[in-house]
Amino acid sequence: MENLAFAILEHRRTRPEQPAVQSETRVHTYAELEEAVKKAASALQAMGITQGSVVGMALRDAHEGLIVMIGAWMLGATCNTIDFRTPAAAREELAKTFLHDVFIEDTAAEGAYRSVSHAEWDSLIASAPVAEITPCETPAAASILLTSGSTGKPAGFRISHRAVFARYGVWRGTPLPQAYTRVLSAAPLSFGANLGWVKSALLHGGTIVFFPPVYRPQDLAAAIRKHQITGVPLVPTALRDLLAYARETGETITTPTNVPFLTASGAAISSKELEALRKYLSPNVVQVYASSPVGAVTAIFCDELDRKGDTVGRPLSGVEVEIVDDNNTPLPPNSIGQIRVRTPSRADGIIGRDARSAGDRFEGDWYYPHDVGLIDSEGYLKLMGRSSEVIIRGGVNIYPQELEHVIATCKGVKDVAAIGYPDARAGEEIAIFAVVEPSLTAEDLLAFCRKNLTADKRPKRVLIVAEFPLNQNGKVMKRKLARLLEITEETEA
């Protein structure tokens, strides 16, 4: 049966007493999860939710949110998980865009959509029967994953049940399924990578340990050790905070009986940082190149990092990746061009904007993530930056990630970002932003660039900053950095 609810609840037959979901206050075994899900499905059904309905959720309590989600899947409905911190006005816009039949949120909103508070939901659940509901055989999309694209307007990708099964299957033949035994969920369910891990771990028959999404790194490290966590997906900012804590205190996340997998997702991190993560936290480090419309595309594992740490690995099982020119013609190995991906785990469609109106786009079976890269002779993918971020200096294309990789090797550099800015003579010039140790100056960094970069790739401006503006996935918001250039005079070469 092509329904995630059926596949997850089947584990009650083989492992009824194993914890499926747990948080600070409660635990549901697989047998108890089935009962909770059936009550949730009954409550939703009484509210008129049926096949094709859309259930919005903005709950701080991810444990309860997951039960609601599986209950909705039982009925053939679609779930749209929203960050519980999203302002009320934005939630109203999302409800309108995605045609929510009901929105379950922490506090009921007074708006132009049907809203149910967490307290009201608890009352409905308390009186709901454990009904014998058979999972819908032809469910609508499992999830709507949010994306803002380039317009800032609400938009979301429809992810089918079949695509979720495929996203679980791409890891076949890799070590990662070992990580699904006990997964720590330390981000809201609205974060696509975290939700993907939660779904895959439950399909695997593992245990999800929900952890508050706002935490101190020492608390996260303690939870990983305490719960014998085998896998945890984290955005780069969370990984960097955890790494800084480990360096300062000497505490790690491993135990004599458990060495967890740390997965970097949401944005790429440097090979230097990957090396530090392996040294101070866990040797089982995995970097994943993924996108909400297609799921995981490539991955690089700990045993490959020494040799290929400047790449994001090779395509996963069933995933095709090509590098093409502007005419969509495939290019030979080691050629730089547009990345495109074909996979059975791709989204079925997009709501809120046209499939070709943003930088990323669908064309036929292919998805173009708006990234530039190359595939080397061994099949490893190397990212060179976003298409919109390519710097054209004097008619020559310069790729920010190539510069960032070199400058990140400079002693004292914690983080670096390269951007282009308008120049009357060259068309564009290069600016470098860096987060550094106090001993490193802008002049030092320029000297390093003169020594380690060819003349056509050396930055004209260097700006030392305390931190980078980041989005919720840990990606550097380069548009905000560009605005700093307009108001700041800084060291020039």
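Modeller: Helices (H or I, at least four residues) and strands (E, at least two) are DSSP runs, numbered from the N terminus. This is a predicted model, in which local features need pLDDT of at least 70 and side-chain atom pairs count only at pLDDT 80 or more, while totals for chains, interfaces and linings use all residues. Residues are numbered from 1 along each chain as its sequence is written, and side-chain values use heavy atoms, leaving out hydrogens and water.

Colleague: Okay, let's start with Arg 340. Is Arg 340 buried or exposed?

Modeller: Arg 340 belongs to strand 17, residues 337–342. Buried means under 20% relative accessible area, exposed over 50%, and partly exposed in between (1.4 Å probe, protein chains only). Arg 340 has 10% relative accessibility, so it counts as buried.

Colleague: Which side chain makes a polar contact of 2.7 Å with the side chain of Arg 340?

Modeller: A polar contact is a pair of N or O atoms within 3.5 Å; within protein, one must be able to donate a hydrogen and the other to accept it, and residues adjacent in sequence count only if both atoms are side-chain atoms. The Arg 340 side chain has one such pairing at 2.9 Å, with the side chain of Tyr 368. The partner at 2.7 Å is the side chain of Glu 322.

Colleague: Now Arg 26. Where does Arg 26 lie?

Modeller: With 25% relative accessibility, Arg 26 counts as partly exposed. Its C-alpha atom is 8.9 Å from that of His 63, although the two residues are 37 apart along the chain. As for its place, Arg 26 sits between strand 1 (19–22) and strand 2 (27–29), in the loop.

Colleague: And at what value does a polar contact join the side chains of Arg 26 and Glu 64?

Modeller: Contact means heavy atoms within 4.5 Å. Setting aside neighbours within four places in sequence, Arg 26 touches Val 21, Asp 61, His 63 and Glu 64. Its side chain makes a polar contact of 3.0 Å with the side chain of Asp 61. For the side chain of Glu 64, the value is 3.1 Å.

Colleague: On to the inside. How many residues does the largest nonpolar core have?

Modeller: A nonpolar core is a set of buried Ala, Val, Leu, Ile, Met, Phe, Trp, Tyr and Cys residues joined through side-chain atoms within 4.5 Å. In the largest one, the residues with the most contacts inside it are Leu 33, Leu 44, Val 55, Trp 121, Trp 171 and Leu 202. Helix 4 gives this core its largest share, nine residues. The core's full count is 82.

Colleague: How many residues are in another core, apart from it?

Modeller: That other core includes Ala 223, Val 235, Tyr 245 and Ile 253. Its count is 31.

Colleague: Which helices do the buried residues of helix 7 pack against?

Modeller: Helix 7 covers residues 161–169, and its buried residues are His 161, Ala 163, Val 164, Ala 166, Arg 167 and Gly 169. These pack against strand 7 (143–147), strand 8 (155–159) and strand 14 (295–300), and also against helix 1 (4–9), helix 4 (62–74) and helix 8 (192–204).

Colleague: Last one: about what phi does Leu 99 have?

Modeller: Leu 99 is in the loop between helix 5 (88–97) and strand 5 (102–105), and at 62% relative accessibility it counts as exposed. Gln 228 is another residue other than glycine with a positive phi, near 50°. Leu 99 is not a glycine either, yet its phi is positive, at about 55°.
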